[in-house]
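Colleague: Please take a close look at a single part of this for me. I'd like to hear about the surroundings of one ligand, with whatever helps to put it in context.

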Amino acid sequence: MIEIKNVSYCYHKEEADGRINENKVLNNVSLTVHEGEFVAILGHNGSGKSTLAKHMNGILVPETGDCLIDGLSTRDEKKLLEIRSNVGMVFQNPDNQMVAAVVEDDVAFAPENLGVPSEEIRRRVDECLKIVGMWDYRRAQPSRLSGGQKQRVAIASVLAMEPKYIILDEPTAMLDPKGREEVISTIHRLNRERNMTVVLITHYMEEAASAERVAVMDDGEIILDGTAREVFHEIEILKNIGLDVPQATELAFMLREDGFNIPHVITVDECVQAIAEALEVKS
Amino acid sequence: MISVRNLNYVYGAGLPGSRQALFDINLDIETGDVVALIGHTGSGKSTLIQHFNALVPPTSGTVVIDGINVTDKAAKKSDIRKKVGLVFQYPEHQLFEETVFDDVAFGPKNLGLDEAEIKKRVFDACAIVGIKEKYFGFSPFELSGGQKRRVAIAGVIAMEPNVLVLDEPVAGLDPKGRDGILAMITGLHEQRPEMTIIFVSHSMEDVARVANHIIVMNEGSVAMTGTVAEVFSKGDELRGMGLAVPQITQITDRLRAMGYELPPHIYTLKYGERAIAALLRGEERTDV
Ligand SMILES: Nc1ncnc2c1ncn2[C@@H]1O[C@H](COP(=O)(O)OP(=O)(O)O)[C@@H](O)[C@H]1O
Ligand SMILES: Nc1ncnc2c1ncn2[C@@H]1O[C@H](COP(=O)(O)OP(=O)(O)O)[C@@H](O)[C@H]1O
Ligand SMILES: [Mg+2]
Ligand SMILES: [Mg+2]
């Protein structure tokens, strides 16, 4: 369980005149992520999502409040290695995450650093590359891969540490629709088949709609937290803070506003079905 | 008018590990068009547009813009850069002046314009991208991600190019930041209808909102060109190339396949909603 309890955080910046400027980025944030959950985090640029994510594996430590991973506080420096091996992070730009010249070496890098025995490393590398569908590319140069493929290798590299939790910070921002779909379906599969706990930060509303739970950040606070269905029902709140809803959701909303009896939906499938049912009723 | 003829480009030509990124590209882009360039990552979009302002020399073939062969080695680079403004991906990483004003003024200053003209251009460009005068004295680093990007774009618009090329201008922005950039493109097209605008995007919803033409790249070749309606009517082909159509188009395609009579070419939410509402009311198809 990841427990973020009343966490506040400021970045300090020294101005030219020596004054220290405080920028409060997290304001009394509380969020609990249970084992096996798939949580999406939405929020405008600068709302504090990445800062929150960096608290989850102790890259940042709260100014006030606590961040506990399976009961271990990120304030406890002696526990940091254990925390980091349980919480894996994947960032936005796959290019900056590749360290080795060959795909399989890249995946082996973190477990090697953790001192995992070499037979076990071999097993993990093969397994993780198969999970993300990149085993055929194990001897390829990362520079020759597409964005979606690189990002899947980055995920395999994190998986090779066998973390319980995986935090993905806008992993699809630089990808084309197919690359996006590859990455999202891979993490859904990990969540389903391996019970891996997922925290996914994204600007794509359709990706968030596929999560069990969605938390919305605005200016350092969590303002909505519920199922994807509940959160995307708050169309006006979301639009007010500069976010959006999936087009399927908005279409159903517009039709309701026009007086038609169409329920709230969050996916294309649901939307097609709802409209077809309304048309059947009419005829 | 931009004409691309038999353009080929090979990275590291003649060296081991060389890689052909463009294969025999032929294209015509009309003056004043707003063109979306789409295609999977690695399909050659960035390589292609870098040929438009002579950043890379073609391995073979030509690009002619308004009668000037920009791929001719003898062509003056400064003339080409005046004509064609290129906004790179994540352009905000290249802001370096102390103030917003100086950053936007950098290009016009290099053109050797006088103070008054430089000032006018900065004001005009910032108005187009929606950066208010009160920010002129700010350091670019004090601005939000979306604002920074708009400052970077203003710097290119201030050069008053005939052709503006933007490489993934909305990548990494939140929906509001995205809307801001898209509204800017639409506004720019209205104010300067003679400017040709080419932008790269992975968001089909965004493409549908602002472009009137689409060029689809696939594995280094041009796979399709046409109006937005023409290209988005080929959903299966697009999916085969790792692309997609907007959700609203997926929804109306599926309803049509179930036998419901909807007009063709639905790719914006507004139009789609009107068509479905008409169907629900039992109105005859209007195709408006
Ligand atoms: N290393 C840093 N130093 C100073 N300020 C920062 C730093 N990282 C982020 N910030 C500021 O903190 C705020 C929140 O940033 P971030 O957590 O990156 O938001 P998000 O991921 O939601 O876009 C922004 O105003 C940003 O400018
Ligand atoms: N500097 C480079 N050196 C070698 N190959 C490159 C370089 N830049 C791009 N490529 C290759 O050229 C192809 C086209 O890339 P690019 O034009 O960047 O595509 P896109 O912008 O559509 O993602 C890809 O296969 C890419 O790997
Ligand atoms: Mg972030
Ligand atoms: Mg590119």
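**Around ligand 2**

Modeller: Let's start with a serine: an N or O atom in the side chain of B:S46 sits 2.8 Å from an oxygen atom of ligand 2. Bear in mind that this is a predicted model. Another oxygen contact runs to the backbone, where a polar atom of B:G44 is 3.0 Å from an oxygen atom of ligand 2. There's a nitrogen contact too, with a polar side-chain atom of B:Y11 at 3.4 Å from a nitrogen atom of the ligand. On its own, ligand 2 would expose 560 Å², and the protein buries 65% of that.

Now the wider shell. Besides the three residues just named, ligand 2 has around it B:R19, B:A21, B:H40, B:T41, B:G42, B:S43, B:K45 and B:T47. Sorted by class, that shell comes to two nonpolar, seven polar and two charged residues. As for elements, β2 (19-29) and α1 (45-52) of chain B each chip in at least two residues, and α1(B) has the largest share, with three.

For context, here's ligand 1. Its shell includes A:Y11, A:N23, A:H44 and A:T51, and splits into two nonpolar, eight polar and one charged residue. α1(A) gives the most there, three residues. Oxygen atoms of ligand 1 lie 2.6 Å from a polar backbone atom of A:G46 and 3.0 Å from one of A:G48, while a polar side-chain atom of A:K49 is 2.8 Å from a ligand oxygen. Taken alone, ligand 1 exposes 550 Å², of which the protein buries 60%. The space ligand 1 takes up is the largest pocket.

Notes. Residues numbered from 1 in each chain as written. Chains lettered and ligands numbered in written order. Predicted model: local features only at pLDDT ≥ 70, side-chain atom pairs only at ≥ 80, totals over all residues. Heavy atoms only, no water. Near = heavy atom within 4 Å. Polar contact = N/O pair within 3.5 Å; in protein donor to acceptor, adjacent residues only side chain to side chain. Areas by Shrake-Rupley, 256 points an atom, 1.4 Å probe, with all protein chains shown as cover. 1 Å grid on protein atoms, 1.4 Å probe; cavity = no way out; pocket = protein on both sides within 12 Å on 5 of 7 lines; lining within 4 Å. Sits in = over half its atoms within 2 Å of the grid points. Helix = DSSP H or I, 4+ residues; strand = E, 2+ residues; numbered from the N terminus. Nonpolar A, V, L, I, M, F, W, Y, C, P; charged D, E, K, R; others polar.
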